[in-house]
There are 2 protein chains.
Amino acid sequence: MQKIDLIIKNGLLLTFDKEPKISSIAINDGKIIEIGKSEHLEKKYIPTKTLDAEGKIVMPGFVNTHTHAGMIYFKGMADDLPLMDWLSNHIWPAEGHFLSADFVRDAALHGCAEMIKNGITTFNDMYFFGDEVAKSAQKVGIRAVLGEVVLDFSVANCHNADAILAYSAMMHSKYKEDELIDIAVAAHAIYTCSKETLIKSAELAQKLGMILHIHLSETRQEVKDCLTKFGMRPVEYLDSLGFFQSPVLAAHAIWLDENEENILAKKNASIAINTSSNLKLASGFDSFATYLEKGINLSLGTDGVASNNNLSMLEEISLTSKLQKALNDDPTILPAHQMVEIATLGGAKALGKDKEIGSIQIGKKADLITIDITNLEAQPMYNPFSHLVYTLTSESIKDVIVNGKIVMQDRKLINVDESELIDKAKFYREKIIAFRNGKD
Amino acid sequence: MQKIDLIIKNGLLLTFDKEPKISSIAINDGKIIEIGKSEHLEKKYIPTKTLDAEGKIVMPGFVNTHTHAGMIYFKGMADDLPLMDWLSNHIWPAEGHFLSADFVRDAALHGCAEMIKNGITTFNDMYFFGDEVAKSAQKVGIRAVLGEVVLDFSVANCHNADAILAYSAMMHSKYKEDELIDIAVAAHAIYTCSKETLIKSAELAQKLGMILHIHLSETRQEVKDCLTKFGMRPVEYLDSLGFFQSPVLAAHAIWLDENEENILAKKNASIAINTSSNLKLASGFDSFATYLEKGINLSLGTDGVASNNNLSMLEEISLTSKLQKALNDDPTILPAHQMVEIATLGGAKALGKDKEIGSIQIGKKADLITIDITNLEAQPMYNPFSHLVYTLTSESIKDVIVNGKIVMQDRKLINVDESELIDKAKFYREKIIAFRNGKD
C-alpha cells in the first residue's frame, strides 16, 4: 500500500464529460492521482488525511480571472455613484493616501481569505505591490497570477511604466519556480497606457512567456475616445500594435463590434466577464451569443470588491447566465453546466493553465472545493449544475483544497486567523473613515 | 415595571427616515411598543425573552409580493428551456399529476420554512388549495396573503372560475379574524381568464375589500396576443373592464407602454418586480425609471422556485438594483436604501398593509429580522444598506420575528423540524423523478 497525502471520500463529483457520480479522489504531491470507489482507493492507499465529502458536491475550484485583491478595505466605501465621481472623489483619493506595502499586504491577505471562502482556488490579480500580494496568497495557500498594473504615471511603488515593467520582469524571475504564484503583464488600459507602453508590455509578455492582462472595452466612452484619438476601435488599435502576439486576457470587453470579436477569436484571446461590476457601475452589457459562436474563450471575474461588492463566483455565474438569457431572448443560452465550465476550465484556459487546473482529471493539480447539498434550501435537488448556478450561495462551500492541501475545512480557514483579519479590517476602516471625514 | 413579551437588544436599527443607530426594541402583544436604549428599556420592562442583536442589523422583514410556495418540490426540476417547453412538458404535467391537498400542504410548509430562512416575514401567494397553504403558514408562523388562482378551466380542487371565486370568498370569511392570514383574489392572467371571469374577480375583490393579484404583461407574447384579440394593451384592457376599482398588485409588468404606466399610477396599482424569474425565463426586462417618476408603488417578489430557483430577497434586491443601473446607464438609480425600502415597505404598501408592517415603527407589528455583520466577508462595513444590497446573502440572516414571536433563532426554525422537511422533500423528489421517467 502506498502512502499518499489525501483522499476525498464519497463526494458527488462534477466533471464536464460524464454524468455527476459519487466517487472518491486520491491526491498526492499536489496532484490527483486516481479517481474511483472509496473501497478501491482505501485498499490501495494510506492517506495522511481523509476528507469526508458525503452529502457534498466535489468540483474544481473557481478560477477568478479578474480582480484587485488589494482593494478589500474599500468594499462598500462608496456606491450608487457615477463612475468618474466614484473614481475621482472616492477610490483614487483613498488609494493615493493609503497605498503602501503594508496596506496592500494586509488587504490582499483578507482578499485571498475571502476568495477561499467563495471557493476560488486561483485568481488573476491586477494591482500594486505584487510582491506583497504574492506573500499574502502564499500565506493563505491560494494559487495566483499576479500582474503589476502598468500605467504611464507615477504610482505608489514605481515611478513610471518602465519601472513597472522592470518590476514585472523581476517578479517573473523571482516566482519562476513557485508552486502557487505566476506572473502576468498587466497593462491597465488603452486610455492610461501610451502606444509605446502597450508595445513594451506586449514585448515583455512575449519575451518571458507571460499572459497579457488588460481592461478592455469596459465603457462606451473608452470606445468613443479611441475612435476619436486613433480612428480605430480598442481591439483594432491593440491589434495594430501587435498586442495579441502573446495570449491576451481582456477584462470586461462588453463594447465589441463584430470585427473586434473576430480579432479576439482569431488571436485566441480570452475574455474575463465581470457582470456584477459592469451592471453596478452602469458600464453596460453585451450579448455573449456571438462571442460563443466565434469560439472566444470566456472566463469569469469578480472585479474588485469596490465595484461588486463581494467575491462570490456563484453570484457571477447566476447573474451572467440569467442576464444573457434575457438579453438574447433565449432561455437556453449559457445553460448551467456551461456556466460552471466557464467559471472553472474557462478560467484555467484564459490563464494558460488548463493543462494543470480547471477540471477533475488524473494528473491535474488538486484544486478542488466541496459544496454542501444537505440543507433545507438545497432540497430537493435534481441537477447539481442547476443548483450551483441558480440556487446555492457561497456559504454552502465547505472545504477548499489548493495544490493538494486543505486550506479551508468546514468553512474554517486553515492558514490564517480570521479574527485577526477582522480586527485588521476594523482598524483600517476607522482610518479610512477618518481620512474621508478630513480628520487624517 | 411592565411585563412584556420580548426585547431585541442593541441591534443596528434600520429605519427609512433616520441614520442607522444602535438601539433596542420593546415588543408586546405582537407589536413594537417602544424603541430606545437598552438601559432605558430594561428599567421599564420585564421581558419574557431577550434577543441579543449585538453585531447585527435589525430591520423590517422582507415582504415577498409574488410567489407560489406550493411549487417548492419543482425547484430546479427543469431549467434552461423555452417557456412553453418548460410549462407544457415539465411544470404542467408534474402539477397535473401531483397536486393534492397533502402535496400542497407539505410543499407550502417547506416553502414557508425556506422563506423564513430568507428573512421573509410576509408573502403574497398565488396557488391552489389555499386552505392548506394557510395551515402551513400558520404552523411556520409566517404572515401570508393567499390567493386561490382563478382560471377558466378545471383545476385540482375546483371545477371552474365560479367555484374558485366561491372558494376565495369562503377563505376570506374563514380567515377574517386571523392574526397571520389575509386573503386576496388572484386572477391568473388575461390570457387564462375570460373577460367575465376578470370582471367577477374584480367585483368580488371590491365587495369584500380584498386586493387583486394578477400576472400582468410578463411576456411580449402576452401583449401581442392582447392587441390582436382586444385591440388594446393588457393594462388598457383590464382598465376597460373596471379591474382597477380594487387595489391591484400586478406581478412582473415589464412590457408596459407609457399609457399603461399612467393608468397604473393613476389607479394606485402596485407592481411586484420579479427580476430573477424574468431573466431566467428570458421574459425580458424594462427600465423602472419611468415607473419611479410616475410614482407607481414598486415591491419585490421571488416568484416560485421553479423559475428562480431560490427564495432569496437579498438576491432580488441586488439583481434588480444592478440591472436597473445598467439598463438606465445610471449608477445612481435605485440606490441601496431605496431598494431595501422597496423590498419591505413597498411590499407592505402593495398588500395594503403599510399601516401594520414594513418598517420599524412604534405601533406597527413586530415583523423583524436580524442580520449578522461580524464575519470576514462582511468586513469592512461602511453602510449597512450597501451591505444588504451588494454584499450579504441570506445565510447572514440569523433571527426572524413575526407578529412579535421568534420563528427562527440563530438560523434554527422554532416551529418546524427541518430534518422532517428535508426527508419529505427527498420523498417527493423520488416520486417526481419516477413520474418523469415514466415509472409512476
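Start at the interface of chain B and chain A, where eight salt bridges turn up. Bear in mind throughout that this is a predicted model.

**Stop 1: between the chains**

Select Glu315(A) and Lys322(B) and show their side chains: they meet in a salt bridge, with N and O 2.6 Å apart. Now widen the selection to everything in contact across the interface, which brings in 65 residues of chain B and 64 residues of chain A. The size of an interface is often given as the accessible area lost when the parts come together. Here chain B and chain A bury about 5200 Å² between them, and 60% of that comes from carbon and sulfur atoms. To see where chain B gives up the most area to chain A, pick Asp80(B), Leu376(B) and Tyr382(B); together they make up 16% of what that side buries.

**Stop 2: the two domains of chain A**

Hide chain B and colour chain A by domain: domain 1 takes 2-60 + 364-413, and domain 2 takes 62-350. Computed over nothing but C-alpha atoms, their centres are 29 Å apart. The contact draws on 25 residues from domain 1 of chain A and 29 residues from domain 2 of chain A. Between them these domains bury about 2200 Å², with 66% of it on carbon and sulfur atoms. On the domain 1 side, select Phe16(A), Val389(A) and Tyr390(A): these lose the most area to domain 2 of chain A, together 27% of what their side buries.

How many salt bridges are there between domain 1 and domain 2 of chain A? The count is two. While you are in chain A, zoom in on Glu179(A) and Lys365(A), a salt bridge whose closest N and O atoms are 3.7 Å apart.

**Stop 3: two cis peptides in chain A**

Most residues other than glycine have a negative phi, and most peptide bonds are trans. Chain A has a couple of places to check against that. Go to Asn308(A) and Asn309(A), joined by a cis peptide bond with omega of about 0°. You'll find Asn309(A) in the loop between strand E13 (297-300) and helix H12 (313-327) of chain A. Then move along to Gln379(A) and Pro380(A), where the peptide bond is also cis, with omega near -15°. Pro380(A) sits in the loop between strand E14 (368-372) and helix H14 (384-391) of chain A.

**Stop 4: one loop of chain B, two positive phi values**

Bring chain B back and select the loop between helix H12 (313-327) and helix H13 (336-350), where you'll find Asp329(B). Its phi is near 55°, a positive value in a residue other than glycine. Leu334(B) is in the loop between H12 and H13 of chain B too, and its phi is also positive, near 45°. Are these residues buried or exposed? Asp329(B) is partly exposed, at 45% relative accessible area, whereas Leu334(B) is buried, at 1%.

**Stop 5: a covered strand**

Next, pick strand E13 of chain B, residues 297-300. In a regular strand the side chains alternate between the two faces of the sheet. Asn297(B) and Ser299(B) lie on one side of E13(B), Leu298(B) and Leu300(B) on the other, and all four are buried, so both faces are covered. Add strand E12 (270-273) of chain B: it runs parallel to E13(B), and four bridges join the two. For one of these pairings, label Ile271(B), whose bridge partner in E13(B) is Leu298(B).

**Stop 6: an enclosed helix**

Now select helix H4 of chain B, residues 130-140. Eight of its 11 residues are buried, so H4(B) is largely enclosed by the rest of the structure. Among the buried ones are Val133(B), Ala134(B), Ala137(B) and Val140(B). What do the buried residues of H4(B) pack against? Their partners in chain B are helices H3 (101-117) and H5 (161-174), along with strands E7 (120-127), E8 (143-150), E9 (181-187) and E16 (405-409). Just after H4(B) comes Gly141(B), with a positive phi near 90°.

**Stop 7: the nonpolar cores**

In soluble globular proteins, nonpolar side chains tend to be buried together. For the largest nonpolar core, which has 128 residues, start from Phe74(B), Phe123(B), Leu198(B) and Phe243(B), the members that touch the most others. H3(B) supplies the largest share of this core, nine residues. Both domain 1 (2-60 + 364-413) and domain 2 (62-350) of chain B contribute at least three residues each.

Centre the view on Phe123(B) and show its surroundings: beyond its neighbours within four places in sequence, its contacts include Cys112(B), Met115(B), Ile142(B) and Leu146(B). Two residues of the previous stop, Val133(B) and Ala137(B), are also in contact with Phe123(B).

To finish, switch to a second, separate core of 127 residues; Phe128(A), Val155(A), Ile214(A) and Ala425(A) are among its members.

Key
Residues numbered from 1 in each chain as written. Chains lettered and ligands numbered in written order. Predicted model: local features only at pLDDT ≥ 70, side-chain atom pairs only at ≥ 80, totals over all residues. Heavy atoms only, no water. Buried < 20%, exposed > 50% of the residue type's maximum accessible area, 1.4 Å probe, protein only. Contact = heavy atoms within 4.5 Å. Core = buried A, V, L, I, M, F, W, Y, C linked by side-chain atoms within 4.5 Å. Domains from an automatic or database assignment. Pairing = 2+ DSSP bridges. Buried area = accessible area lost by both parts, 1.4 Å probe. Salt bridge = Lys/Arg side-chain N within 4 Å of Asp/Glu carboxyl O.
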